[in-house]
Amino acid sequence: TFEREKNNFQLGGNMLIKDILEYNFDNDYKSIIKLSDDSEESIYNELNEYIITDNIEKNFLSVFDFIKSSKSGIWLSGHFGSGKSFFTKIVINLLKNKKIKGFNYKNLFLQSIKNKQLENLIENSQEYLVIDFDLSLYAGSNKCLKNILFDEFLKKIGYSSVDNLGW
């Protein structure tokens, strides 16, 4: 049972929740994770703050098992604040596997998991060209989704958008 004492929640006796987590509660915590924020420092800090529960580990296992099967399209849904963006950002960074502070992102992530099946799926997954973008930037536009995706693909590989190509 939880007891409220001096603005801290306690787990029975004198143990505080902060005593069972390895986390510096004095750090600034970002309440909103932005997929577009891909600075090395931000990605590193977010990965260090990400707590991988058994349920989250199962979700990663489902996603990487799905990716391995070469199917396309994953729908992620949940309530506001449930961690969809954070989870998505971690998956995107695992697929990109770029270097963060001199380490491959996958290797940093793998230090946090216990599931050997998930570890094998991630270790053996290939790197992907991930086209991540904010669809809300196209709100009110007359562009159809296939043209938006093609535009974003062209930008990702260093070309101009379809509109500027005159197609």
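Here are some short exercises with worked solutions on the predicted model shown above.

**Exercise 1. Get your bearings in the chain**

How many helices and strands does the chain have, and what pattern do they follow along the sequence?

*Solution.*
- Step 1: Begin with the tally, which is eight helices and five strands.
- Step 2: Then walk along the sequence, where the pattern reads β-β-β-α-α-α-α-β-β-α-α-α-α.
- Step 3: Look at burial next: of the 167 residues in the chain, 28% are buried.
- Step 4: Turn to the outside, where the chain exposes about 12,000 Å², with 51% of that supplied by carbon and sulfur atoms.
- Step 5: Finish with the contacts. Among those with a separation of 6 or more, 52% are between residues 24 or more positions apart.

**Exercise 2. Classify a pair of rings**

Which kind of aromatic pair do Tyr-50 and Phe-60 form?

*Solution.*
- Step 1: Recall that two aromatic rings are described by the distance of their centres and the angle of their planes.
- Step 2: Take the distance. The centres of Tyr-50 and Phe-60 are 6.2 Å apart, and rings pair if their centres lie within 6.5 Å.
- Step 3: Take the angle. The planes of Tyr-50 and Phe-60 are at 80°, and an angle over 60 degrees counts as edge-to-face. The pair is therefore edge-to-face.
- Step 4: Place both residues. Tyr-50 is in the loop between α2 (40–49) and α3 (54–68), while Phe-60 is in helix α3, ten residues apart.
- Step 5: Check the surroundings: Tyr-50 and Phe-60 are both buried.
- Step 6: Widen the view. A search of the whole structure gives four aromatic pairs, and ring pairs join Tyr-50 and Phe-60 with Phe-86, Phe-87 and Phe-109 in a cluster.

**Exercise 3. Follow the salt bridges**

Which parts of the chain are tied together by the salt bridge of Lys-89 and Glu-46? Then examine two further bridges, Asp-54 with Lys-114 and Glu-119 with Lys-116.

*Solution.*
- Step 1: Note the total, which is six salt bridges in the structure.
- Step 2: Find Lys-89 and Glu-46, whose closest N and O atoms are 2.9 Å apart. Lys-89 belongs to helix α4 (residues 84–96) and Glu-46 to helix α2, so this bridge ties together parts that are 43 residues apart in sequence. Both Lys-89 and Glu-46 are buried.
- Step 3: Move to Asp-54 and Lys-114, with closest N and O atoms 3.4 Å apart. Because Asp-54 is in helix α3 and Lys-114 is in the loop between α5 (105–110) and α6 (116–123), this pair ties together parts 60 residues apart in sequence. Lys-114 is exposed, at a relative accessible area of 60%.
- Step 4: Now take Glu-119 and Lys-116, whose side chains meet at 3.4 Å, N to O. These two residues are three apart in helix α6, so about one helical turn separates them.
- Step 5: Weigh up their exposure. Glu-119 is buried, with a relative accessible area of 17%, whereas Lys-116 is exposed at 57%.

**Exercise 4. Study Lys-101 and Asn-97**

Where does the charged end of Lys-101 sit, and what is the sign of phi in Lys-101 and in Asn-97?

*Solution.*
- Step 1: Locate Lys-101 in the loop between β4 and β5 (103–104).
- Step 2: Follow its side chain: the charged end of Lys-101 sits over the ring of Tyr-44, 4.5 Å from the ring centre.
- Step 3: Read the backbone. Phi of Lys-101 is positive, about 50°, although this residue is not a glycine.
- Step 4: Compare exposure. Lys-101 is partly exposed at a relative accessible area of 35%. Asn-97, in the loop between α4 and β4 (99–100), is buried at 8%.
- Step 5: Return to phi, which is also positive in Asn-97, near 50°.

**Exercise 5. Explore helix α7**

Which residues make the nonpolar surface patch of about 530 Å²?

*Solution.*
- Step 1: List its makers: Leu-129, Ile-131, Phe-150, Phe-153, Ile-157 and Tyr-159.
- Step 2: Pick out Phe-153, which lies in helix α7 and is partly exposed, with a relative accessible area of 30%.
- Step 3: Visit Lys-156, in helix α7 (residues 145–156). The residues touched by Lys-156 include Lys-96, Leu-129 and Ile-131.

Conventions: Residues are numbered from 1 along each chain as its sequence is written. This is a predicted model: local features need pLDDT of at least 70, side-chain atom pairs count only at pLDDT 80 or more; totals for chains, interfaces and linings use all residues. Side-chain values use heavy atoms; hydrogens and water are left out. Rings of Phe, Tyr and Trp (its six-membered ring) pair if their centres lie within 6.5 Å; planes under 30 degrees apart count as stacked, over 60 as edge-to-face and the rest as tilted. Helices (H or I, at least four residues) and strands (E, at least two) are DSSP runs, numbered from the N terminus. Buried means under 20% relative accessible area, exposed over 50%, partly exposed in between (1.4 Å probe, protein chains only). A charge sits over a ring if NZ of Lys or CZ of Arg is within 6 Å of the ring centre and within 35 degrees of the ring normal. Contact means heavy atoms within 4.5 Å. Accessible areas come from the Shrake-Rupley method with a 1.4 Å probe; for residues, only the protein chains shown count as cover. A salt bridge is a side-chain nitrogen of Lys or Arg within 4 Å of a carboxyl oxygen of Asp or Glu. Lists of a residue's contacts leave out its neighbours within four places in sequence.
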